[in-house]
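Here is a short tour of one chain, starting at its metal site and moving outward. Have a look at the fold before reading on.

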Amino acid sequence: MRAVTAQQIRQLERDLLAQRTSILGVAHDELTRVTEQSYAAIAGEVPDFGDQATAASLTDYDNEMARRHVEVIREIDDALLRVKAHRFGRCTECGADIAFARLRAFPTARRCVTCQSLHEKTFAVGATPTM
Ligand SMILES: [Zn+2]
């Protein structure tokens, strides 16, 4: 018996689609805002170094935001593909069912708690090994 019912998967699929739509909306608003700000900066008077520094840090910030949005949307799309392939809710590492509570908190989770913590230990950046 599966830990997650077909009905629960449909609910999670709806959540994922709603989340995807809202992130696309936010990303679109940000893009509009950035475009307007960039135009204002270009259209302004001869910039001094202060303005250039501000424009540069704004670009870095927005690139980071855009990168994060793309990452989240990619994870949501992966999860939706797993729904279509009837692999959603199953750990991609060990094949065990992922608990519904975990999926409700992280609908894009692809690993069970055990495999996820192993994965994080293996791939953690700057982790201090404890013996
Ligand atoms: Zn697993």
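Four cysteine sulfurs hold the zinc ion at 2.3 Å: the SG atoms of Cys91, Cys94, Cys112 and Cys115. Donors here are N, O and S atoms within 2.8 Å of the metal (3.2 Å for Na, K and Ca), and water is not among the atoms, so sites may look incomplete. The arrangement is tetrahedral because the 4 donor atoms subtend angles of 104 to 116° around the zinc ion; four donors earn that label if all angles lie between 85 and 135 degrees. Along the sequence, the donor residues follow the spacing C-x2-C-x17-C-x2-C. Cys112 and Cys115 are both buried, that is, under 20% relative accessible area with a 1.4 Å probe and protein chains only.

A word on the source: this is a predicted model, in which local features need pLDDT of at least 70 and side-chain atom pairs count only at pLDDT 80 or more, while totals for chains, interfaces and linings use all residues. Residues are numbered from 1 along each chain as its sequence is written, and side-chain values use heavy atoms, with hydrogens and water left out.

Now to the fold. The chain has 4 helices and 0 strands, giving the pattern α-α-α-α; helices (H or I, at least four residues) and strands (E, at least two) are DSSP runs numbered from the N terminus. Of its 131 residues, 22% count as buried.

The largest nonpolar core contains 17 residues, and Leu16, Phe88 and Leu103 make the most contacts inside it. Such a core is a set of buried Ala, Val, Leu, Ile, Met, Phe, Trp, Tyr and Cys residues joined through side-chain atoms within 4.5 Å. Three helices each supply at least two of the core residues:

| Helix | Residue range |
|---|---|
| H1 | 6-43 |
| H2 | 49-84 |
| H3 | 100-105 |

H2 gives the largest share of this core, 5 residues.

Is Glu13 of helix H1 buried or exposed? Glu13 has a relative accessible area of 17%, so it counts as buried. Its C-alpha atom is separated by 8.3 Å from that of Ala79, 66 residues apart along the chain.

Finally, the second largest pocket has a volume of about 220 Å³. A pocket is an open set of points on a 1 Å grid over the protein atoms alone, where a 1.4 Å probe fits, with protein on both sides within 12 Å along at least five of seven lines; lining residues have an atom within 4 Å of a point. Among those lining this pocket are Glu75, Arg102, Phe106 and Glu120.

Key:
Grid points are joined across faces, edges and corners, and a volume is the space filled by probe spheres set on the points. Four donors count as tetrahedral if all angles lie between 85 and 135 degrees; four count as square planar and six as octahedral if opposite donors are over 155 degrees apart and all others between 65 and 115; anything else is irregular. Buried means under 20% relative accessible area, exposed over 50%, partly exposed in between (1.4 Å probe, protein chains only).
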